[in-house]
Amino acid sequence: MSSLFLDFPCSVSGKTKVIAATWCAVEPICAFLTNGNFISFFLEEGVSLEECKISRKTNATAVAWHPKVKSIACGWQDGHVSVWGLASNGAGGDGVGVLTSTCIFAKDSKHDRTPVCITVWNPSATRLVTADVSGLILIWKADNRGSLSIFKQFSIDASGVTCTARASDISAKQGFLSRRLGFRTSKLASGRVQCVFQ
């Protein structure tokens with residue numbers, strides 16, 4: 001058995017550096033976080049979706065695609081949290097439409113100007129977890145429009161936080177924060193805190 005991989009370059013402007021990249025779960029769209037204070041979107045063939053570019057006065061530090069629709073949750077260097085939806089505006093010359101981004105939710109969160117380092121959706125997309133570099137973890141409740149409200153918050157004295165979403169069962173002996181949330185934390189040997197959805 002053999003595989004064929006094709007190289008399609010994605011061009012970002014000038015001296016901009018790509019900090020991270022992540023693929024959409026429902027469409028072949030890749031989001032690039034850059035040091036130029038914006039998030040750029042590209043199709044799998046390297047075609048830039050210029051109309052979707054998200055820009056702020058600070059860098060995006062963490063993003064997570066919604067597991068069921070074309071929307072992306074963003075954490076920013078200034079503690080801001082936002083959710084953006086990508087949709088066709090129907091204005092394309094070929095009748096297909098141009099994909100654009102629209103802000104669904106934006107809030108200066110309780111991260112209080114501390115860079116957000118984690119954004120993770122749970123598998124059913126009813127909760128979003130954000131965490132900042134100081135160890136503050138916010139669990140947001142998401143409605144069907146993509147708007148968020150703070151559901152729970154935790155502060156953990158840690159040098160770093162990691163989050164993982166998974167659908168499998170986790171043993172009750174592992175210290176759940178709440179059974180209803182299906183969420184637990186554990187301190188790793190490195191001193192980092194790991195947060196796991198089930």
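Trainee: What makes strand 9, residues 116-121, largely enclosed by the rest of the structure?

Mentor: In this predicted model, five of the six residues of strand 9 are buried, and therefore the strand is largely enclosed by the rest of the structure. Buried here means a relative accessible area under 20%.

Trainee: How do you know that strand 9 and strand 10 pair, and in which sense?

Mentor: A pair needs at least two bridges, and strand 9 is joined to strand 10, residues 127-132, over five bridges in the antiparallel sense. Within this pair, Thr119 stands opposite Thr130 of strand 10. The two strands form a hairpin with five residues between them, and Ala125 lies in the turn.

Trainee: Why is Ala125 called buried, and what is the sign of its phi?

Mentor: The relative accessibility of Ala125 is 8%, and the cut-off for buried is under 20%, so Ala125 counts as buried. Its phi is near 65°, a positive value in a residue other than glycine. Most residues other than glycine have a negative phi.

Trainee: Where is Asn37, and why is it called partly exposed?

Mentor: Asn37 is placed in the loop between strand 2 and strand 3, and its phi, too, is a positive value, near 65°. Its relative accessible area is 25%, and partly exposed covers what lies between under 20% and over 50%, so Asn37 is partly exposed.

Trainee: Why does Thr114 count as buried at 19% relative accessibility?

Mentor: The cut-off is under 20%, and 19% meets it, so Thr114 counts as buried. Thr114 is found in the loop between strand 8, residues 99-108, and strand 9. Leaving out residues up to four places away in sequence, Thr114 touches Trp76, Gln77, Asp78, Gly79, Asp132, Val133 and Ser134. The C-alpha atoms of Thr114 and Gly135 are 9.9 Å apart in space, while the two residues are 21 residues apart in sequence.

Trainee: What makes the sheet of four strands open, and which are its edge strands?

Mentor: The four strands follow the order 1-2-3-4 with antiparallel pairing, and they form an open sheet. Its edge strands are strand 1 (18-23) and strand 4 (54-55), each of which pairs on one side only. Strand 1 pairs with strand 2, residues 29-34, over five bridges in the antiparallel sense, and Trp23 stands opposite Cys30 in strand 2.

Trainee: Which residues have the most contacts inside the largest nonpolar core, and which elements give two or more residues to it?

Mentor: This core has 18 residues, and those with the most contacts inside it are Ile29, Ile39, Phe41, Trp65 and Ile72. The elements giving two or more residues to this core are strand 2, strand 3 (38-43), strand 5 (60-65), strand 6 (71-76) and strand 7 (80-88). Apart from it lies another core, of 14 residues, among them Val83, Trp121, Ala125 and Leu138. Beyond its neighbours within four places in sequence, Trp65 is in contact with residues including Trp23, Ile29, Phe41, Ile72 and Trp121.

Trainee: How many cavities of 30 Å³ or more are there, and what lines the largest cavity?

Mentor: The structure holds one cavity of 30 Å³ or more, and the volume of the largest cavity is about 30 Å³. Its lining consists of Ser40, Phe41, Ser48, Leu49, Glu50 and Lys53, which divide into two nonpolar, two polar and two charged residues.

Terms used. Residues numbered from 1 in each chain as written. Predicted model: local features only at pLDDT ≥ 70, side-chain atom pairs only at ≥ 80, totals over all residues. Heavy atoms only, no water. 1 Å grid on protein atoms, 1.4 Å probe; cavity = no way out; pocket = protein on both sides within 12 Å on 5 of 7 lines; lining within 4 Å. Points joined across faces, edges and corners; volume = space filled by probe spheres on them. Nonpolar A, V, L, I, M, F, W, Y, C, P; charged D, E, K, R; others polar. Core = buried A, V, L, I, M, F, W, Y, C linked by side-chain atoms within 4.5 Å. Buried < 20%, exposed > 50% of the residue type's maximum accessible area, 1.4 Å probe, protein only. Contact = heavy atoms within 4.5 Å.
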